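Got the model loaded and a selection box ready? Here is a walk through it, stop by stop.

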Amino acid sequence: MNNMKNSFAIRETKPQDFTSVKKLLSRAKMGSTLTKATFERTLIRNGGLCLVAKDGKRIVGTIFGFDDVLTLHLSKLTIDEAYRGHGIGKLLINELINRTKTRNAGISRIFLHVRKNNKAAMHLYKSLGFEVNKENCLMDLQLKRK
Ligand SMILES: CC(C)(COP(=O)(O)OP(=O)(O)OC[C@H]1O[C@@H](n2cnc3c(N)ncnc32)[C@H](O)[C@@H]1OP(=O)(O)O)[C@@H](O)C(=O)NCCC(=O)NCCS
């Protein structure tokens with residue numbers, strides 16, 4: 001986008017951000033099944049580690065984090081298509097890491113899952129020092145609902 005200013009505000013995600021965040025995730029095919037109830041539960045459980053980036057009043061990026069005993073997990077990093085390539089993804093991850101360090105001094109590792117063919121995300125994570133861990137593999141199980 002032309003004439004884009006390069007200062008974006010980052011703040012904790014609030015329940016009232018649901019519609020904007022869901023729109024962002026759905027457009028990126030990362031959250032079309034997200035319900036308001038799940039969103040709100042996630043914010044309560046992971047308070048302080050779910051962030052949005054804003055350009056004025058517009059939400060232009062989102063990330064979800066949760067910490068367990070020693071590990072921070074990152075997921076659903078998504079930037080509005082019109083705002084990609086302006087450093088917002090990097091900004092959100094760095095902010096989340098800083099907040100995690102302040103909140104939980106025990107965290108010593110960060111995990112995330114990324115598709116190998118997602119060039120933009122792979123580049124972003126590698127530029128921040130993430131490495132592909134060859135000893136681990138991702139396992140998943142689709143839950144069947146009645
Ligand atoms: C992946 C994504 C979050 C990147 O966000 P972004 O705000 O555009 O990234 P940034 O501007 O912070 O860029 C960070 C780095 O990645 C690089 N990068 C960004 N997009 C890139 C692309 N399409 N191809 C190659 N490199 C790219 C930047 O050049 C920058 O590298 P540098 O620091 O060495 O200069 C964004 O493209 C997106 O929302 N994609 C759809 C959802 C998604 O795939 N999320 C990741 C799930 S794991």
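Select E2 (residues 50-55) and E3 (58-67): these two strands pair in the antiparallel sense over 6 bridges. Pairing here asks for at least two DSSP bridges between two strands. Helices (H or I, at least four residues) and strands (E, at least two) are DSSP runs, numbered from the N terminus. You're looking at a predicted model, in which local features need pLDDT of at least 70 and side-chain atom pairs count only at pLDDT 80 or more, while totals for chains, interfaces and linings use all residues. Residue numbers start from 1 along each chain as its sequence is written.

Now click Lys54 in E2; its bridge partner in E3 is Ile59. E2 and E3 form a hairpin with 2 residues between them, and Gly56 in the turn has a positive phi of about 65 degrees.

Next, add E4 (71-79). E3 and E4 also form a hairpin, this one with 3 residues between the strands. Their pairing is antiparallel, over 6 bridges, and Gly65 finds its bridge partner in Leu74 of E4. While you're in E4, pick Lys76. Its phi is near 60 degrees, a positive value in a residue other than glycine. Is Lys76 buried or exposed? With 18 C-beta neighbours inside 10 Å, Lys76 counts as partly exposed. The scale calls a residue buried if 20 or more other C-beta atoms lie within 10 Å of its own, exposed if 12 or fewer, and partly exposed in between, with C-beta atoms placed from the backbone.

Go to the other side of E2 and show E1 (9-12). E1 and E2 run antiparallel, joined by 4 bridges; Ala9 has Lys54 as its bridge partner.

Time to show the sheet as a whole. It is open, with 5 strands in the order E1-E2-E3-E4-E5 and mixed pairing. E1 and E5 (109-112) stand at the edges with a single partner strand each, so one side of each has no neighbour in the sheet. From one strand to the next, the twist averages 25 degrees.

Bring in helix H1 (residues 18-27), which lies across E2, E3 and E4 at about 85 degrees to E3. For that angle, axes are lines fitted to C-alpha atoms, for helices over the stretch in contact, and angles run from 0 to 180 degrees between N-to-C directions. Step into the loop between H1 and H2 (36-45) and you'll meet Lys29. Lys29 has another positive phi outside glycine, near 55 degrees, and is exposed, with 8 other C-beta atoms within 10 Å.

For the inside, colour the largest nonpolar core, a set of 19 residues. Such a core consists of buried Ala, Val, Leu, Ile, Met, Phe, Trp, Tyr and Cys residues joined through C-beta atoms within 7 Å. Ile63, Leu92 and Leu96 touch the most other members. H1, E2, E3, E4 and H3 each give two or more residues to this core. Centre on Leu92: its contacts (C-beta atoms, placed from the backbone, within 7 Å) include Ile10, Leu51 and Ile63, leaving aside residues up to four places away in sequence.

Last stop, the ligand. Which residues come nearest? Arg84, Gly89, Lys90, Ala120 and His123 do, of 19 around it, where being near takes a C-beta atom, placed from the backbone, within 6 Å. E4, H3 (88-103) and H4 (119-127) give two or more residues to this shell, and H4 gives the most, with 6.

Terms used:
Two residues are in contact if their C-beta atoms, placed from the backbone, lie within 7 Å.
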